[in-house]
Amino acid sequence: MSESPKSLITARYAGVLWGLLGILAFSFTLPFTRIAVETINPFFMTTGRAALAALFALVVFSVVRPQRPNKNQVIRLIIIAAGVVIGFPLFTSLALQSVPSAHGTVVIALLPAVTALFVVIRTGERPSFLFWGASIAGAIAVIAFLALSNGFSGFSLPDIFLVLAVISAAIGYTEGGLLSRELGSWQTICWALIISLPVMAPLTAVNFVIAPLSHDPIAWLCFLYTALFSMFLGFFAWYRGLAIGPMTSVSQVQLSQPVFTLIWSTLILGEVLTPEILIGGAVIIALAFIAVRARVKTISPPSVRK
């Protein structure tokens, strides 16, 4: 019996919908990190939220016994951990000590295009010209409207940190999406966190001793969010979406993240949301939609573990 049109549509956009749910969780990361690093040491912010997220992963594994990764998968998990557990949190925390959340969003807006580049290098996916055109136009639009709205004062050390954060996340997203097809989405991020725990736990203890302890409860709530959602639950949905794929198309859902982030920055940090920003956001979302609908050729359809 053939599938109904409704089920076919749902299957086609399942990866996009899962990816969008993950991006929604990630969209709070920059503003909450900006608040947290005002009183919490950025190195403790990096190691502490990774260690806490790893404890969440251990709780999950105590209830559900997952498939153990083989040696090759362990190496790939180390790459994932280096990218999304260590690299991205560390570099964004260092950058956001000196620049506002909106400034960080300008550079992080390059993440979809960089992720798509790594996916093309790493996999057999071959996006169409429409995909690349919409993706490049979307990245330019993101940078343009955020730069015009908030100002962009040259290329400084925080910008270098942000570029390194983009590269780290793109590698971690690509490898994580591929490995999720073998281990499962939530299993992949849990294993990456647990593998990083022997390094992160001692560093967290050291940073706790040498860094002044923050007495700001709001900062600690932001810290908790980045551990539970940015580092843990958000990846359940994000890696699930990338695993379903096509990865190059799902990665472009990230083009909507700067819009979400700017909205949260406005509501939480008090920035003004102007009509120009609303128009720019609508353009970016439209370009992301075109990229998502663009044809992507793959060597063979992926088999995705749940």
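Helix H8 passes helix H9 in a right-handed crossing, and this is a good place to start in what is a predicted model. H9 covers residues 185-210, and the two helices pack with their axes 7 Å apart at an angle of about 115°. H8 and H9 are therefore roughly perpendicular to each other. If you would like to find the contact on screen, look on the H8 side for Gly 176, Leu 179, Ser 180 and Leu 183. Their partners in H9 are Ser 185, Gln 187, Thr 188 and Trp 191. Sorted by class, this contact holds three nonpolar and five polar residues, with no charged ones.

Let us stay with H8 for a moment and turn to aromatic rings. A pair of aromatic rings is described by the distance of the centres and the angle of the planes. Across the whole structure, a search finds 22 aromatic pairs. One of them joins Phe 26 and Tyr 173, with 6.3 Å from centre to centre and 10° between the planes, and this pair is stacked. Where do Phe 26 and Tyr 173 lie? Phe 26 belongs to helix H1 (residues 5-26) and Tyr 173 to H8 (residues 157-183), so their pairing ties together parts that are 147 residues apart in sequence. Both Phe 26 and Tyr 173 are buried.

Now compare a pair within one helix. The ring centres of Phe 260 and Trp 264 are 6.4 Å apart and their planes meet at 10°, so this pair is stacked. Both residues sit in helix H12 (residues 257-269), four residues apart, which is about one turn of the helix. The background is simple: an α-helix has 3.6 residues a turn, so residues three or four places apart point the same way.

Are Phe 260 and Trp 264 buried or exposed? Phe 260 has a relative accessibility of 23% and therefore counts as partly exposed, while Trp 264, with a relative accessible area of 18%, is buried. The cut-off for buried is under 20%. These two residues also belong to one aromatic cluster, together with Phe 28, Phe 32, Tyr 225 and Phe 229.

Our last stop is helix H5, which spans residues 101-108. How many of the eight residues of H5 are buried? Eight of the eight are, so H5 is largely enclosed by the rest of the structure. To follow the helix along the chain, go from Ser 101, Ala 102, His 103 and Gly 104 to Thr 105, Val 106, Val 107 and Ile 108, each of them buried.

Definitions and conventions
Residues numbered from 1 in each chain as written. Predicted model: local features only at pLDDT ≥ 70, side-chain atom pairs only at ≥ 80, totals over all residues. Heavy atoms only, no water. Phe/Tyr/Trp six-rings, centres within 6.5 Å; stacked < 30°, edge-to-face > 60°. Buried < 20%, exposed > 50% of the residue type's maximum accessible area, 1.4 Å probe, protein only. Axes fitted to C-alpha atoms, helices over the stretch in contact; angles between N-to-C directions. Parallel < 35°, antiparallel > 145°, perpendicular 65-115°, else oblique. Left-handed = near helix turned anticlockwise from the far one by under 90°. Contact = heavy atoms within 4.5 Å. Nonpolar A, V, L, I, M, F, W, Y, C, P; charged D, E, K, R; others polar.
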